[in-house]
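Trainee: I should like to learn how to read the features of a structural model in an orderly way. May we work through one together?

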Amino acid sequence: MKDATVRPPVDLVVIPFQLGSRDPYVLVWSDGRRLSLLRVPLMALDRPLEAIAEHFLVRTIGMTVSPLSQSIATQDLERQPAVAELCYYGLAKSRFTNGERLVWIPLYQHLPDEDRRHGEDLVQWDTPTCQLSDHDIQLLLATLTTLRRSLDRKPVIQEIEPEAFTLSYLQQRTEMLLGVSLHTQNFRRKILDSGYLEPLDIVVTQTAGRPALLYRVTRPVGSKDCPAS
């Protein structure tokens with residue numbers, strides 16, 4: 001008879017992102033000396049992996065994220081026996097968590113070459129006191145690459161946006177994830193032509209004093225391709 005307590009040779013890694021006012025963040029474990037990506041305790045493969053990951057985030061951490069997507073499947077050959085690693089990611093609307101060992105870290109502090117919003121002048125981050133392992137950095141980079149590609153299909157991440165927002169606000173958040181500055185007119189033309197946004201009859205004054213129209217998401221995101229850049 002098979003022992004039901006034998007752990008499957010699979011590591012389920014979950015990478016929640018969150019957009020701050022200027023930079024994106026990622027949620028990790030910290031023991032005060034080292035950082036590590038979130039790995040979900042996996043005792044049985046009795047449900048879809050994304051359902052197990054979502055249950056872990058909601059029930060254990062107390063976090064609601066956008067629908068999880070798989071970013072990468074790989075093998076950790078340094079472990080014996082070799083363990084398959086499956087990574088899922090999502091975007092959180094807030095930084096609330098239940099765990100004392102959970103910390104939000106600036107994404108580009110650990111992937112500085114991925115932030116080109118200022119051209120070739122990279123932002124000079126302080127060396128982090130605690131660092132991710134080289135292996136986790138590779139997983140994080142692969143996941144960020146997948147997330148960026150997904151913006152071609154889902155130019156607005158509906159679950160994390162407010163009820164109403166300006167195009168400038170949306171462009172800034174898109175640039176955070178892509179790590180590049182976008183041409184404003186091209187971005188606005190493509191996002192408006194995509195049909196994802198609906199203008200509201202509300203105008204607000206931005207920091208520069210110029211009026212801006214508010215928009216909202218008008219239909220489920222992901223039903224039509226729309227390049228972000």
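**Reading a charged network and a cavity**

Mentor: Let us start from a single residue: R39 has a relative accessibility of 25% and therefore counts as partly exposed. Please keep in mind throughout that this is a predicted model.

Trainee: Which residues form salt bridges with R39?

Mentor: The general idea comes first. Side chains of opposite charge can pair when their charged atoms come close. In this structure, the side chain of R39 meets that of E85 in a salt bridge, at 3.5 Å from N to O. E85 belongs to strand 6 (residues 83–92) and R39 to strand 4, so this pair ties together parts that are 46 residues apart in sequence. A salt bridge also joins R39 to D11, with an N to O distance of 3.9 Å. Here strand 1 (residues 10–19) supplies D11 and strand 4 (residues 38–40) supplies R39, so the pair connects parts 28 residues apart in sequence. Finally, R39 forms a salt bridge with D136, whose closest N and O atoms are 2.7 Å apart. That pair links distant parts of the chain, as R39 is in strand 4 and D136 in helix 3 (residues 134–150), 97 residues apart.

Trainee: Are the acidic partners D11, E85 and D136 buried or exposed?

Mentor: The reading rests on a cut-off: a residue is buried when its relative accessible area is under 20%. D11 is buried, at 4%. E85 counts as buried at 1% relative accessibility, and D136 does so at 3%.

Trainee: How should the pairs be read together, and how many salt bridges does the structure hold?

Mentor: Pairs that share a residue may be read as a unit. D11, R39, E85 and D136 are linked in a network of salt bridges. The structure as a whole holds ten salt bridges.

Trainee: How many helices and strands does the protein chain contain, and in what pattern?

Mentor: The protein chain has five helices and nine strands. Along the sequence they follow the pattern β-β-β-β-α-β-β-β-α-α-α-α-β-β. A contact count complements this view: of the contacts between residues at least 6 apart in sequence, 66% join residues at least 24 apart.

Trainee: What share of the residues is buried, and what does the surface consist of?

Mentor: Of the 229 residues in the protein chain, 45% are buried. The chain exposes about 12,800 Å², and carbon and sulfur atoms supply 50% of that area.

Trainee: How many cavities of 30 Å³ or more are there, and which residues line the largest?

Mentor: One reads a cavity by its volume, then by its lining. The structure holds one cavity of 30 Å³ or more, and the largest cavity contains about 60 Å³ of space. Its lining consists of L19, L151, P155, V156, I157, E161, L170, R173, T174 and L177. By class, the lining residues divide into seven nonpolar, one polar and two charged.

Trainee: Which element contributes the largest share of that lining?

Mentor: Helix 4 (residues 167–178) does so, with four residues.

Definitions and conventions: Residues numbered from 1 in each chain as written. Predicted model: local features only at pLDDT ≥ 70, side-chain atom pairs only at ≥ 80, totals over all residues. Heavy atoms only, no water. 1 Å grid on protein atoms, 1.4 Å probe; cavity = no way out; pocket = protein on both sides within 12 Å on 5 of 7 lines; lining within 4 Å. Points joined across faces, edges and corners; volume = space filled by probe spheres on them. Helix = DSSP H or I, 4+ residues; strand = E, 2+ residues; numbered from the N terminus. Nonpolar A, V, L, I, M, F, W, Y, C, P; charged D, E, K, R; others polar. Buried < 20%, exposed > 50% of the residue type's maximum accessible area, 1.4 Å probe, protein only. Contact = heavy atoms within 4.5 Å. Areas by Shrake-Rupley, 256 points an atom, 1.4 Å probe, with all protein chains shown as cover. Salt bridge = Lys/Arg side-chain N within 4 Å of Asp/Glu carboxyl O.
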